[in-house]
Amino acid sequence: MLVVRAETPADRDAVREVNERAFGQRTEADLVEALRGAGCPHVSLVAESGGRVVGHVFFSPVLIEAEGGTSEAFALGPMAVLPEFQRRGVGSALVRRGLEECRRLGREVVFVLGHPEYYPRFGFGTAAARGFRCQYPVPDEVFMVVELSEGAAAGLSGLVRYRPEFGDF
């Protein structure tokens, strides 16, 4: 049985392992540590199977810079699942629960830099089509946005800036 819950301090080593194994490098695990250490508001969830942490997702704040000022939203990422648990719905459960938690916290616009074949199932669409640009030089199809309530992004557009910790990696 899969349980998705808030990460606790006792999960940190397991979260590091999940990120390192899923991505085959330390970069994403180090990013999670840096974001946690920044003290910014965030959502960090783990997926547990048989008492073992098998997946992790992290949401952190982004700023939308427009001519009229700035607005806040959240960004999804990283999201990781142990290789032996991939393609079993763990990632989907993490994303769905994470989006619910973002909505509960009043963050109704979420961005992701991710696979264009994966994230549309959760309502994500190309951010450029909505007038958003990513601070990083990425193809339009990998930079996506979702509204967690209808009209939440109405009137918003501009440059989306990730936390400075992302630039360190």
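## Strand pairing around β3

Two strands are taken to pair if DSSP finds at least two bridges between them. In this predicted model, β3 and strand β9 (residues 158–161) meet that criterion, pairing in the antiparallel sense over three bridges. Within this pairing, Ile 64 stands opposite Val 160 in β9.

Strand β3 spans residues 52–66, and eleven of its 15 residues are buried, so that the strand is mostly covered. Antiparallel pairing also links β3 to β4, here over eleven bridges. Ile 64 takes part in this pairing as well, with Ser 71 of β4 as its bridge partner. The connection from β3 to β4 is a hairpin that passes through two residues.

## Strands β1 and β2

Strand β2 (residues 43–49) is joined to β3 by seven bridges in the antiparallel sense. Two residues of β2 illustrate the register: Val 46 has His 56 of β3 as its bridge partner, and Ala 47 is bridged to Gly 55 of β3. The hairpin of β2 and β3 has two residues between the strands, and Gly 50 in this hairpin takes a positive phi near 60°.

Strand β1 (residues 2–6) runs antiparallel to β2, and five bridges join the two. Val 4 has Ala 47 of β2 as its bridge partner; Ala 47 is in turn the residue bridged to Gly 55 in β3. Because six of the seven residues of β2 are buried, this strand is largely enclosed by the rest of the structure.

## Contact between helices α1 and α2

Helix α1 (residues 12–23) and helix α2 (residues 27–37) have axes that come within 8 Å and cross at roughly 140°. On the α1 side, the contact is made by Arg 12, Val 15, Arg 16, Asn 19, Glu 20 and Phe 23. The residues contributed by α2 are Glu 28, Ala 29, Asp 30, Val 32, Glu 33 and Arg 36. By class, the contact of α1 with α2 comprises seven charged, four nonpolar and one polar residue.

## The largest pocket

The largest pocket holds about 920 Å³ of space. It is lined by 31 residues, of which Phe 23, Met 79, Ala 80, His 115 and Tyr 119 are the closest to its centre. Phe 23 also belongs to the α1 side of the helix contact described above.

Elements that give two or more residues to the lining are α1, α2, β4, α3 and β5 (109–113). Strand β4 provides the largest share, with six residues. The lining divides into 18 nonpolar, eight polar and five charged residues.

## Backbone features in and after β4

Strand β4 covers residues 69–81 and includes Pro 78. The peptide bond that joins Gly 77 and Pro 78 is cis, with omega at about 5°.

A further backbone feature lies in the loop between β4 and α3 (90–104), where Arg 87 is placed. Although Arg 87 is not a glycine, it has a positive phi of about 65°. Residues count as exposed when their relative accessible area is over 50%; Arg 87 therefore counts as exposed, at 84% relative accessibility.

How values were computed:
Residues are numbered from 1 along each chain as its sequence is written. This is a predicted model: local features need pLDDT of at least 70, side-chain atom pairs count only at pLDDT 80 or more; totals for chains, interfaces and linings use all residues. Side-chain values use heavy atoms; hydrogens and water are left out. Helices (H or I, at least four residues) and strands (E, at least two) are DSSP runs, numbered from the N terminus. Buried means under 20% relative accessible area, exposed over 50%, partly exposed in between (1.4 Å probe, protein chains only). Axes are lines fitted to C-alpha atoms, for helices over the stretch in contact, and angles run from 0 to 180 degrees between N-to-C directions. Contact means heavy atoms within 4.5 Å. Ala, Val, Leu, Ile, Met, Phe, Trp, Tyr, Cys and Pro count as nonpolar, Asp, Glu, Lys and Arg as charged, and the others, Gly among them, as polar. On a 1 Å grid over the protein atoms alone, a cavity is a set of points where a 1.4 Å probe fits but cannot get out, and a pocket is an open set with protein on both sides within 12 Å along at least five of seven lines; lining residues have an atom within 4 Å of a point. Grid points are joined across faces, edges and corners, and a volume is the space filled by probe spheres set on the points.
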